[in-house]
Amino acid sequence: MWCIRWSLNSVTKSFALFLAGAAIVSSQCLAQDRPLDFTGFVQGHTAVRAVSPDCSPGTECEVLAGELRAEIKVDKTSSSGRFGFAGRADMIRDLTFGATVGQVRELYGDITFKKASIRIGRQIVTWGVGDLLFINDTFPKNFNAFFTGEPVEYLKDGSDAIKINIYPGNWSIEMIAAHFGCDTTPEARRFVLPSFPANESIEFQHPDGYGSDIELSARLSRTIGRWETAAYASRTHYHSPDFLPDKNSVVAVYPRLNAYGFSLTGPLAKGVLNLESGYYDSAQNRNGKNPFLENSQVRILIGHNRQIWKDGNFGVQFYGERIQNYDNYQTGLPAGFPLRPRFRQVVTTRFTQQLRNQTLTFSVFSFWGLSEHDRYLIPSVRYAFTDALWGEFGANIFAGDRRGIFGFLDDNKNTYLTIRYNF
Amino acid sequence: MITRASHLVFIFITVVVAAAQLSADLPAEEIIQRSLNTNYYGGKDQRVHISMKLINSQGNIRDREMTMLRLNQSDGEQRYYIYFQAPADVKGTTFMVWKHVGKEADRWIYIPAIKLTRRIAADDKRSSFVGSDFAYEDVSGRQVADETHRLMRREEVNGRPAYVIESRPKVSLDYARRLSWIDGERWIPLKEEYYDSRDQLIRVFTADKAEQVSGHWTIMARTMKNMQTGHRTEVIFDEPAYDVGLTSDIFSERYLRDAPRKWIH
C-alpha cells in the first residue's frame with residue numbers, strides 16, 4: 001500500500017466513535033418489531049494488462065486485479081423512524097497476491113429529528129455535481145479500484161465521521177467532522193509507474209504526525225425554482241500525497257487544504273446543466289514557492305447531459321484547474337522535473353445506450369487532456385442475465401503524452417470482467 | 001316490401017339516434033382530461049405499493065417492487081417519490097419527479113451504494129420506466145395538449161361502456177396514434193392501442209382489474225405488451241391509499257437520501 005490509511009490510534013478512535021453511536025441507536029432499533037434487512041452479493045473481478053511493458057520486479061505484470069469478494073449489507077430502522085443503523089462489510093480474497101482481507105465499507109448509526117439528523121460512524125459522503133470529476137468533494141477516493149474497472153461504487157471510500165444535517169426552512173445544512181482518510185492511489189505492485197521511486201523508499205507521513213487529522217466540511221444548499229444551489233467549505237488536507245525529496249528517500253505528505261466552492265444544477269436545453277467551482281487554498285504553500293507542494297488553485301467544471309433518443313444519453317464536461325502563483329512555481333522547479341501547465345484542461349464525454357428493456361448497457365466514458373495531450377477511455381458493456389446476476393466487460397485505455405496524468409498510466413491499459421450475484 | 005321498408009326506417013332512425021347521442025357526447029379532450037384526472041390525480045395524495053413483472057417473450061420474469069408516493073400541487077403540478085425494494089441490487093434506490101405542466105419534468109435519482117444524488121436528463125415520452133414496457137409518462141401521466149384527440153365511437157369493453165378516442169401526438173414519438181377505450185362512467189382507460197407511423201400495432205395497454213378505493217376508481221392490475229418483441233409488463237397496485245397526509249417537504253433532497261420511514265416500510 002502506498003498509503004497507510006489507518007494508524008492504530010485512528011482505528012481505536014474510529015471504533016470508539018462508532019461504538020458510541022451504535023450503543024445509542026441499537027438499543028432503540030433492536031427492540032422494534034421491524035425485521036433486520038439483510039442483503040449482499042458475491043462478485044468475481046479481474047483486470048488483465050492489455051500491453052507488455054517492462055515491469056519492475058515488484059510489479060505484477062499480467063493481472064492487475066483478480067479477486068473474489070463477498071459483501072453483506074444490513075440495515076434496520078425503528079418503527080418510529082427515529083433510530084436506524086446500517087452496515088456493509090466485504091470479505092475479499094485477492095487472487096493476485098494471495099491475501100484475504102476484510103473491509104468495513106460502511107457502519108453507522110442514525111438519529112433523526114423533525115428538522116435535523118445525525119449520522120455517526122463510517123460512512124461514504126459524495127458531494128458536487130461533476131460526473132467522475134470532483135472539486136468540492138474532498139472525501140477519500142480509491143483510484144486503485146477505479147483504474148482496474150471495479151464497479152464505480154468502489155471509487156468512494158468511507159470516512160469515519162460525525163455528520164449533522166439541519167433543515168431550517170428551505171435550506172439544508174450538512175456539517176461533517178471526519179477522521180482524515182487519504183485516497184488510495186495506484187499501487188506500484190499493480191501499476192507500472194515509470195520513474196517513480198520504489199514503494200519501500202517512500203516515507204508516508206499521515207497528517208496526524210504534523211497537524212490535526214480531523215477534517216471539517218460543511219455544505220449549505222437550497223433549491224431555488226428548478227435550480228439547486230450549494231456552497232461548500234472544507235478544512236482538510238490534500239487526499240493524494242505530494243512527494244518531497246529527502247536525503248535517502250522520498251517523503252510523502254498530505255499538505256493542508258482549505259477548499260471553498262459552489263455548485264449549480266438545473267434544466268437547460270432539454271437536458272441538465274451542471275456547474276461547479278472551487279478555490280483550493282494550499283495553506284502550506286500560499287506563495288507557491290515550494291514546487292513539491294501543491295500551489296493554490298481555482299478549479300471549475302461545466303457540464304451538460306441530455307437524452308438523445310430512447311434509452312440513449314450523452315453528456316459532456318469541461319474541467320479546468322488553474323495554478324495560482326504559477327511564476328513562483330515555475331521559478332522554483334528544479335531542472336529535470338516536468339512542468340505542469342498553468343491551466344490544466346480536460347474534456348469528458350459519456351455516452352450510454354440501454355437495450356433489451358435496459359438489461360444490456362453500452363457505455364463509453366472518455367477523458368481528453370487538452371493541455372496535457374493525453375486521454376483515458378472506458379468502454380464497457382453490461383448485461384443483466386437475471387435480476388440477481390449481472391456481468392460487465394470493459395477496458396481502461398490510457399494513452400497520450402506520458403507527462404499527463406492519464407498518459408503516465410499508459411503501461412496499464414487493461415481489460416476487465418466483473419460478474420456479480422446479488423442475494 | 002313493407003317489412004323491408006320498416007327495417008330500413010328502423011336502421012335510419014337508429015343511425016340518427018346514435019349520431020344524436022354521439023353529438024351529445026362530451027368533446028374528446030374532455031373525456032381524455034377526465035381519464036387523466038381519474039388515473040393520475042385521484043385525491044390530494046396517494047401512497048401505493050407497486051409490484052411489476054417484466055416478462056420477455058421466452059417467459060423469463062424480472063421483478064420490480066417499489067413504493068410510490070404522489071402529491072398534487074396547484075395548477076396540475078405534481079410530486080412523485082419512488083422507493084425501490086427489489087431487486088436486491090437496486091434496493092434503497094430512490095427516484096423523485098417534480099412534474100410540471102407544459103414543460104419537462106425534473107427528475108432525481110439517489111444511488112445508495114455511493115451516496116450519490118443526481119439530477120437526471122430523461123425525456124418523459126421516450127424513456128422506458130426501469131426497463132418496463134411503460135414510458136415515464138405512462139407512470140406520471142401526460143397532458144391533454146400533448147396530443148390531438150378525436151372521438152371515434154362508443155362501444156363496450158368487457159361489459160363496460162366506453163368511448164373510443166383516437167389521439168395523435170403533436171411531436172414525433174415512437175407511436176403515431178393511440179386508440180383509447182375510456183370507461184364512460186368510471187373514467188379510467190380500459191384499453192389502449194399504440195400504432196407506429198406505418199400503422200402497425202406496437203403496444204397494447206389493458207386495465208385488468210379496477211376497484212373503487214376511498215371513492216376513487218383505481219386500476220389495480222394492468223398490463224402493457226410490446227406487440228413487436230412479445231415483451232410485456234404486468235403491474236399490480238397493492239393497498240393504494242388516498243389522502244394519507246403527505247406533505248411537500250417529503251419530495252426533497254433530504255428524503256431522497258433518507259427515505260421517509262413513516263411512509264416507506
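**Cores, contacts and backbone oddities in a two-chain model**

In this predicted model, the largest nonpolar core is made up of 19 residues, and those with the most contacts inside it are B:Tyr81, B:Ile82, B:Tyr83, B:Met96 and B:Ile250. Five elements of chain B each put in at least two residues: the strands β2 (61-72), β3 (78-86), β4 (94-99) and β5 (106-111), plus the helix α4 (253-257). Of these, β3(B) gives the largest share of the core, with 4 residues.

B:Ile82 is a handy place to look at the packing around one of those well-connected residues. Once its neighbours within four places in sequence are set aside, B:Ile82 is in contact with B:Met66 and B:Met68, and also with B:Thr94 and B:Phe95. A second core, separate from that one, has 16 residues, and A:Phe191, A:Tyr319, A:Val346 and A:Phe398 are included in it.

Now to where the chains meet. On the chain A side, 33 residues are in contact with 29 residues of chain B. The elements of chain A that bring two or more residues to this side are β13 (256-268), β14 (271-281) and β15 (297-309). It is β15(A) that makes the largest contribution, at 4 residues. As for chemistry, the chain A residues that touch chain B split into 16 polar, 9 nonpolar and 8 charged.

A few spots in the backbone of chain B deserve a look. One is the peptide bond from B:Ala86 to B:Pro87, which is cis, with omega near 5 degrees. B:Pro87 sits in the loop between β3 and β4 of chain B, and both of these strands also supply residues to the 19-residue core.

Two other spots have a positive phi. B:Glu239 is not a glycine, yet its phi is positive, at about 50 degrees. This residue belongs to strand β13 of chain B, which covers residues 232-242. B:Glu239 counts as exposed because it has just 9 C-beta neighbours inside 10 Å, and the cut-off for exposed is 12 or fewer.

B:Asp243 also has a positive phi of about 50 degrees, again without being a glycine. Here the setting is a loop, the one between β13 and α4 of chain B. With 14 other C-beta atoms within 10 Å, B:Asp243 is partly exposed, since a residue would need 12 or fewer to be exposed and 20 or more to be buried. The loop that holds B:Asp243 runs between β13 and α4, and α4 (253-257) is itself among the elements that supply at least two residues of the largest core.

Definitions and conventions: Residues are numbered from 1 along each chain as its sequence is written. Chains are lettered from A and ligands numbered from 1 in the order in which they are written. This is a predicted model: local features need pLDDT of at least 70, side-chain atom pairs count only at pLDDT 80 or more; totals for chains, interfaces and linings use all residues. Two residues are in contact if their C-beta atoms, placed from the backbone, lie within 7 Å. Ala, Val, Leu, Ile, Met, Phe, Trp, Tyr, Cys and Pro count as nonpolar, Asp, Glu, Lys and Arg as charged, and the others, Gly among them, as polar. A nonpolar core is a set of buried Ala, Val, Leu, Ile, Met, Phe, Trp, Tyr and Cys residues joined through C-beta atoms within 7 Å.
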